[in-house]
Amino acid sequence: MGAYYYDGGLRKRTKTISITSGKGGVGKTTLISNLALYLGKMGKRVLVLDGDLGMSNVDIMFGVRSRSNIYNLIIGEREISDVVTNVADNVDLLPGGSGIYELQDLDVYQKKALIDQVDELAGEYDYMLIDTAPGIAENVLYLNAAADEIMVILTPDPSSLTDSYSLIKVLNERYRVNNFSVLCNFVKDEKEALRCFQRVSDVAMDYLNVRLQYKGFVPLDQNLRNATKSQQLILNSNPRCPSSFAIKHLGEKVSGLGQIQEASGGIQMFWHQIVGVA
Ligand SMILES: Nc1ncnc2c1ncn2[C@@H]1O[C@H](COP(=O)(O)OP(=O)(O)O)[C@@H](O)[C@H]1O
Ligand SMILES: [Mg+2]
């Protein structure tokens, strides 16, 4: 793996954060897109990896249409610079497409070619945010397992609580992940958010060897739903509504923590783990 080297701290480390959930429709794509927009506005360089093949729609959120994805990269049809698209100030998008399901089954030449390509991204970004498909399918789990931080989105829906617990459990048992951050979406207020968090956290601590960290909440906000319907990012269309304030607050938390997180594996480690050459 010629392209794999430690940068000796000269290049910037990219913090990789996957945003995931036990079931769909909990707000992953909406939150990731707005969070990326906010971090970009704050001068952070962000790469969004759209890893949800079934509902890959980060591009739609940003009003662009991506024509190529990781699959084109794997088969050598495209270069990384053709596949990565700028979607907002300081924000680039890397669409996974069907390539997301192929990553683990590459032959050694394909792996090397992919790593050489993605190594070009090292040092370019402060954050890589990964939008995953919901659930516990193997081809979702490995994206989470390779990230520095896994952010699980919870909603007050009772099935969201049990599905999130199952997700945390398999990631812990199969991939030995024991730190998770949790964001509560669709809640009335912080009180409800903390109640949801506590419920999952209590069970997780009783039955699993994991630590859950509460990252905050985004309130149920009709403005946000309307923004999505009209293909707008809420931070652009209505920056002063409750969900926008909450997303900005989350962005501040994420970027504040990012600076002190030095032990993380970064973007290179992420890709090496993904294709199994770490
Ligand atoms: N806090 C919120 N308040 C109101 N609607 C929300 C909120 N978060 C997400 N939504 C809406 O929920 C729907 C599903 O969100 P989406 O981001 O596509 O979920 P996922 O990516 O998890 O499947 C979208 O219509 C979105 O606008
Ligand atoms: Mg989605």
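**Entry 1: D126**

I started with the side chain of D126, where a polar atom lies 2.7 Å from the backbone nitrogen of R45. I count a polar contact when two N or O atoms are within 3.5 Å; within protein, one must be able to donate a hydrogen and the other to accept it, and residues adjacent in sequence count only if both atoms are side-chain atoms. D126 sits in the loop between α5 (108-119) and β5. Helices (H or I, at least four residues) and strands (E, at least two) are DSSP runs, numbered from the N terminus. I found D126 to be buried, at 14% relative accessibility. For that word I use under 20% relative accessible area, with exposed being over 50% and partly exposed in between (1.4 Å probe, protein chains only). I also looked up a distance: the C-alpha atoms of D126 and L233 are separated by 21 Å, with their places 107 residues apart along the chain.

**Entry 2: ground rules**

I note that this is a predicted model, where local features need pLDDT of at least 70 and side-chain atom pairs count only at pLDDT 80 or more, while totals for chains, interfaces and linings use all residues. Residues are numbered from 1 along each chain as its sequence is written, chains are lettered from A and ligands numbered from 1 in the order in which they are written, and side-chain values use heavy atoms, leaving out hydrogens and water.

**Entry 3: ligand 1**

Next I went to ligand 1 and asked which residues come nearest to it. Of the 16 residues around ligand 1, they are G25, T30, N185, P219 and T228. Here a residue counts as near if one of its heavy atoms lies within 4 Å. I then checked which elements build the shell: α1, β7 (179-187), β8 (211-219) and α9 (222-229) each supply at least two residues.

I listed three polar pairs with the ligand:
- An N or O atom in the side chain of T29 is 2.9 Å from an oxygen atom of ligand 1.
- A nitrogen atom of ligand 1 has a polar side-chain atom of N185 at 2.8 Å.
- A polar backbone atom of D221 is 2.9 Å from a nitrogen atom of ligand 1.

Ligand 1 taken alone exposes 560 Å², and the protein buries 87% of that. These areas come from the Shrake-Rupley method with a 1.4 Å probe; for residues, only the protein chains shown count as cover.

The space taken by ligand 1 is the largest pocket. A pocket is an open set of points on a 1 Å grid over the protein atoms alone, where a 1.4 Å probe fits, with protein on both sides within 12 Å along at least five of seven lines. A molecule sits in one if more than half of its atoms lie within 2 Å of its grid points.

**Entry 4: T29 and T30**

I stayed with helix α1 (residues 28-41), which holds T29. T29 is buried, with a relative accessible area of 13%. Its side chain makes a polar contact of 2.7 Å with the side chain of D131. Beyond neighbours within four places in sequence, T29 is in contact with N57, V58, M61 and D131; contact means heavy atoms within 4.5 Å.

T30 is also found in helix α1. Is T30 buried or exposed? I read 15% relative accessibility, so T30 counts as buried. Not counting residues up to four places away in sequence, T30 touches M61, L224 and T228.

**Entry 5: T20 and helix α6**

T20 is in strand β1 (residues 15-20), and its relative accessible area of 0% makes it buried. The side chains of T20 and T132 form a polar contact of 2.9 Å. Leaving aside residues within four places in sequence, the contacts of T20 include K28, N144 and L167.

N144 led me to helix α6 (residues 138-146), which is mostly covered: seven of its nine residues are buried. N144 is one of them, as are V140 and Y142. I saw that the buried residues of α6 pack against several elements, including β1, β5 (127-132) and α7 (158-175).

**Entry 6: two unusual phi angles**

Most residues other than glycine have a negative phi. I found N90 with a positive phi of about 65 degrees, although it is not a glycine. N90 is in the loop between β3 (85-88) and β4 (91-95), and is partly exposed at 26%. F186 also has a positive phi, near 65 degrees. F186 lies in strand β7 and is partly exposed, with a relative accessible area of 27%.

Technical notes. On a 1 Å grid over the protein atoms alone, a cavity is a set of points where a 1.4 Å probe fits but cannot get out, and a pocket is an open set with protein on both sides within 12 Å along at least five of seven lines; lining residues have an atom within 4 Å of a point.
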